[in-house]
Amino acid sequence: MADVAASAGVSITTVSHVLNDTRPVSEELRQRVYQAVNETGFTPNSVARALVTQNTMLIGVVMSFLSNPFFAPLVSQIDRTARRRGYTLLLTENHENAADEVTQVKVMLDRRVDGIIIAPAAQHIEQIINRLETSGTPTVLVDRLSDGEFDEVGADNVQPTAHLVEHLAEHGHTRIGFISGRPGLSTTVERLAGYRLGLEQAGLPYDRRLIRAGASQIGPARRAVKALMSGAQPPTALVSANNAMTVGTLRGLRDLGLRVPNDVAVGAFDDFEWADLMSPRLTTVAQPIPEIGSLATRLLLRRIDGYDGPTERHALSSTFHRRESCGCTDTENDQ
């Protein structure tokens with residue numbers, strides 16, 4: 001910095017203010033400093049700067065499986081929003097393992113990230129919540145929500161799932177099966193509640209035998225569908241509670257030689273880029289992933305900037321895509 005200051009003919013303090021944007025500096029001085037930076041090849045030391053500013057410009061992001069079509073675009077949107085403010089992501093996967101998640105969060109806190117965005121692992125969620133709360137690090141929960149210790153952003157899970165069930169009932173289905181997600185997740189609880197609400201609003205009875213656990217994964221969902229459809233009174237329609245389980249559901253039906261929607265109608269929570277390329281096209285609920293990522297990041301940046309108001313919980317509206325897998329004809333519009 002001394003070399004830059006000498007080359008630009010300014011003080012070291014002025015160089016610091018220009019590089020860290022900590023005080024207004026005339027455009028002429030700013031240009032002289034940046035020209036000197038280029039001439040000297042100076043690279044600011046981010047660790048040293050963090051010691052002075054108490055800000056590392058790092059945001060920790062902890063997700064489940066980045067191979068999941070939901071989490072990958074979510075992280076991408078978080079990154080885009082954070083970069084506009086000069087922040088870099090420190091990203092890791094918890095693989096639904098609570099112990100690994102605690103270790104990963106500890107590493108992030110040791111790296112002094114300025115804040116954390118996390119979709120907690122299903123089991124022992126209170127453990128990581130308590131750890132984050134004790135640390136005092138600004139935190140936002142996404143998708144998997146808790147009890148309000150932090151700002152939380154996700155999608156409305158209840159009403160869209162209920163709408164899927166009601167839509168299948170409108171096609172005359174009275175035995176509608178449900179492939180549920182991993183236990184311990186708020187999304188699993190809420191989508192199951194939506195399934196029950198949909199049955200109630202359609203005037204259909206709730207039958208536990210029509211529910212199978214798909215554990216939010218392809219393989220378990222595939223096995224769950226095969227078990228469900230092998231019963232004495234199999235359902236004539238299925239609702240899958242997340243994208244991975246939808247893949248398992250379709251594979252399970254294919255294994256059994258069942259056609260969609262001729263033999264079994266299907267509706268799914270979570271949309272895919274290729275959902276409208278299938279034959280038949282897949283009827284889905286699409287979560288507002290870009291909006292979730294953007295809002296979560298903006299809430300976190302507000303906390304980093306010092307906001308200490310009450311926590312907020314946002315359940316954003318999803319979009320229902322009516323296609324052919326539910327039994328609608330291809331002449332009907334996607335809505």
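This report covers the overall build, nonpolar cores, pockets and selected residues of one predicted protein model.

Residues are numbered from 1 along each chain as its sequence is written. In this predicted model, local features need pLDDT of at least 70 and side-chain atom pairs count only at pLDDT 80 or more, while totals for chains, interfaces and linings use all residues; side-chain values use heavy atoms, with hydrogens and water left out.

## Overall build

The protein has twelve helices and twelve strands. Both are DSSP runs numbered from the N terminus: helices are H or I with at least four residues, strands are E with at least two. The C-alpha trace spans about 85 × 45 × 35 Å along its principal axes. Of the 335 residues, 50% are buried. Buried means under 20% relative accessible area, exposed over 50%, and partly exposed in between, with a 1.4 Å probe and protein chains only.

A contact is a pair of heavy atoms within 4.5 Å. Among contacts with a separation of 6 or more, 68% join residues 24 or more positions apart.

## Nonpolar cores

A nonpolar core is a set of buried Ala, Val, Leu, Ile, Met, Phe, Trp, Tyr and Cys residues joined through side-chain atoms within 4.5 Å. The largest such core has 37 residues. Those with the most contacts inside it are L168, I176, I179, Y195, L238, V239 and L253. At least two residues of this core come from each of α8 (158–170), β6 (176–180), α9, α10 (218–229), β8 (237–240), α11 and β9 (265–269). Helix α10 gives the most, with five residues. Another core, of 26 residues, lies apart from it and includes V142, V153, I292 and A296.

Y195 belongs to the larger set's most connected residues. Leaving aside neighbours within four places in sequence, Y195 is in contact with T161, V165, I176, G177, F178, Y206, L210 and I211.

## Pockets

Pockets are found on a 1 Å grid over the protein atoms alone. A pocket is an open set of points where a 1.4 Å probe fits, with protein on both sides within 12 Å along at least five of seven lines; lining residues have an atom within 4 Å of a point. Grid points are joined across faces, edges and corners, and a volume is the space filled by probe spheres set on the points. For residue classes, Ala, Val, Leu, Ile, Met, Phe, Trp, Tyr, Cys and Pro count as nonpolar, Asp, Glu, Lys and Arg as charged, and the others, Gly among them, as polar.

| Pocket | Volume | Nonpolar | Polar | Charged |
|---|---|---|---|---|
| Largest | about 360 Å³ | nine residues | eleven residues | six residues |
| Second largest | about 250 Å³ | seven residues | two residues | three residues |

The largest pocket has a volume of about 360 Å³. Its lining holds 26 residues, and N68, F71, S216, N242 and A244 are the closest to its centre. The elements that give two or more residues to this lining are α9 (186–201) and α11 (243–255).

The second largest pocket is lined by P69, F70, P73, N243, D270, D271, F272, E273, W274, A286, Q287 and I289.

## Two aspartates

A polar contact is a pair of N or O atoms within 3.5 Å; within protein, one must be able to donate a hydrogen and the other to accept it, and residues adjacent in sequence count only if both atoms are side-chain atoms.

D151 is found in strand β5 (residues 151–155). It counts as buried because its relative accessibility is 1%. The D151 side chain reaches the backbone nitrogen of E312 at 2.8 Å. Beyond four places in sequence, D151 is in contact with T139, V140, L141, L299, R303, P310, T311 and E312.

D143 lies in the loop between β4 (139–142) and β5. D143 is buried too, at 9% relative accessible area. Its side chain and that of R144 are joined by a polar contact of 3.4 Å. Contacts of D143 beyond four places in sequence include F70, F71 and Q287.

## Two residues of helix α9

G194 lies in helix α9 and is buried, with a relative accessible area of 0%. Beyond four places in sequence, G194 is in contact with V158, T161 and A162.

T188 is also in helix α9. Its relative accessible area is 15%, so T188 is buried. The T188 side chain reaches the backbone oxygen of R182 at 2.7 Å. Leaving aside neighbours within four places, T188 is in contact with G181 and R182.
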